[in-house]
Structures are given as structure tokens and as C-alpha cells.
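Student: I am new to this structure and should be grateful for a close look at one part of it. Please begin with a single residue and its contacts, and then place that part within the whole.

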Amino acid sequence: MELYLIRHGIAEERLDGVNDEARSLTKEGRQKTEKVAQRLKKLDFHFDLIATSPFVRARQTAEILVATGLSSQWEECNHLLPSGSIHNWVTDWLKPSKYQAETQLALVGHEPNLSSWAEILVWGQAKAGLDLKKAGMIGLKLPETGSPLGRSQMFWLTPPRYLL
């Protein structure tokens, strides 16, 4: 399985009195995310499913990816909330019968979670060494059998500026 971790695009600033989960993409964030999605499409990326954090900015990012034709399916996943746990996600989502070895799954979420998840999948622990920029993407190859924690291979780490 190939797993792609995609950070949401540039969102509105955090303001007192505004719920974090309600923050939307800015005009610039939407435009940049659309350009990144178009470039990924030109590079022949396609996701069998896009799972997204329920937060507005992540959902909007997932909607842009779907509108660009990178996938025809998306769904919300509470594991991708900022408080989400990779261990719970692995237990709930990576059941042997749920996905085939050639599945390409995209997860749209937040930092520092996505970088930490990538580090745990590759090294078995979070080391705070990766930094995923807004609208950036990490690609991981998960092993066909057994736990992916500490056994996955990273093959893609791209900030959006290399895709614009």
C-alpha cells in the first residue's frame, strides 16, 4: 500500500473567539492547493480514497483534490484530528481485508501529527525531524504484512514550492 500524508492548505489565522475546527482556507491557500493538486494530477497521481480530518480547512483541501480528479472518493476520519493517534488509526484502518497491496490512500490532516505519523511509520518513533509544509505531501510505502510501524519506507517528501 502507498500512503500519502497531505497537509491542508494555508488557513485563516487563529483568532480569539473563533473555533479552530471552523478555520477555512484563505484565498491564497485555496489557489496554492489547487495548483499543487493540478501538478499532482499531471504527475499521474491517483488516490483510491482520500480520508480527511473533519476540520473545515482539511475538508476543503480534500474537496480540491477530488475536484481536480485525484480521487472520486473521500470521507472524514476522526483519527486525523489534531488529537488523533496513529496507533488507533492503524488498528481501525489497516485491517488485512480492508485494503489491497496496491491501494493508494491519501490522508489530509494537520501538523505536527502528519510528520510524527511519518516518522513513526518509518523509524518506529517520532523524532521531530520532518516538517511538512502547508499543501505539502509525504509518500510512504507500507509493508504488505505485519505492522507498518517502524517498517515503512518514505519515497516522497515535497514542499508545495517544488510543485508550483
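Tutor: With neighbours up to four places away in sequence set aside, Thr103 touches Met1, Glu2 and Asp48. The model under discussion is a predicted one. Thr103 is found in the loop between α3 and β4, the latter spanning residues 104–109. Its relative accessible area is 11%, and because the limit for a buried residue is under 20%, Thr103 counts as buried.

One of the partners, Glu2, leads to the start of the chain, for strand β1 covers residues 2–7. Tyr4 belongs to this strand, and its ring pairs with that of Phe47. Which rule decides that two rings form a pair? Rings of Phe, Tyr and Trp pair if their centres lie within 6.5 Å, and by this rule the count comes to seven aromatic pairs. In general, such a pair is described by the distance of the centres and the angle of the planes. For Tyr4 and Phe47 the centres are 5.2 Å apart and the planes meet at 55°, so this pair is tilted. Tyr4 and Phe47 are 43 residues apart, and their pair links distant parts of the chain: Tyr4 lies in β1, whereas Phe47 lies in the loop between α1 (27–42) and β2 (49–52). Both residues are buried. Tyr4 and Phe47 also belong to a cluster, in which ring pairs link them with Phe45, Phe155 and Trp156.

A second pair may be set beside this one. The rings of Trp89 and Trp93 have their centres 6.4 Å apart, with planes at 25°, so they are stacked. These two residues both lie in helix α3 (residues 86–93), four residues apart, which is about one turn of the helix. Trp89 is buried, with a relative accessible area of 0%, and Trp93 is buried as well, at 6%.

The loop that holds Phe47, between α1 and β2, is also where Asp44 is found. Asp44 has a phi near 70°, a positive value in a residue other than glycine. With a relative accessible area of 68%, Asp44 is exposed. Ala135, in the loop between α4 and β5 (137–141), likewise has a positive phi of about 70° although it is not a glycine. Ala135, however, counts as buried, at 6% relative accessibility.

On the other side of Thr103 in the sequence comes strand β4, and this strand leads to another point of backbone geometry. Pro112 has its place in the loop between β4 and α4 (113–123). The peptide bond from Glu111 to Pro112 is cis, with omega near 5°.

Strand β4 also offers a way to helix α2. Val108, whose number falls within 104–109, is among the residues that Thr61 touches; the others are Arg7, His8, Gly9, Leu25 and Thr33, not counting residues up to four places away in sequence. Thr61 is found in helix α2 and counts as buried at 1% relative accessibility. Arg57 has its place in this helix too, which comprises residues 56–67. Despite its charge, Arg57 is buried, with a relative accessible area of 3%. Leaving aside neighbours within four places in sequence, Arg57 is in contact with His8, Ala11, Asp20, Arg23, Ser24, Leu25 and His110. Its C-alpha atom is separated by 18 Å from that of Gln38, 19 residues away along the chain.

These parts may now be set within the whole. The protein chain has four helices and six strands, which follow the pattern β-α-β-α-β-α-β-α-β-β along the sequence. The radius of gyration is 15 Å, close to the 15 Å that the globule rule gives for 164 residues, so the chain is as compact as a globular protein of that length. Its C-alpha atoms fill a box of roughly 40 × 35 × 30 Å, taken along the principal axes. Buried residues make up 46% of the 164. Among contacts between residues at least 6 apart in sequence, 68% join residues at least 24 apart. The chain exposes about 8,400 Å², of which carbon and sulfur atoms supply 46%. Finally, the mean positions of its 20 positive and 19 negative charges are 5 Å apart.

Note on methods: Residues numbered from 1 in each chain as written. Predicted model: local features only at pLDDT ≥ 70, side-chain atom pairs only at ≥ 80, totals over all residues. Heavy atoms only, no water. Rg over C-alpha atoms; globule rule 2.2 N^0.38 Å. Buried < 20%, exposed > 50% of the residue type's maximum accessible area, 1.4 Å probe, protein only. Contact = heavy atoms within 4.5 Å. Areas by Shrake-Rupley, 256 points an atom, 1.4 Å probe, with all protein chains shown as cover. Charge placed at Lys NZ, Arg CZ, Asp CG, Glu CD. Phe/Tyr/Trp six-rings, centres within 6.5 Å; stacked < 30°, edge-to-face > 60°.
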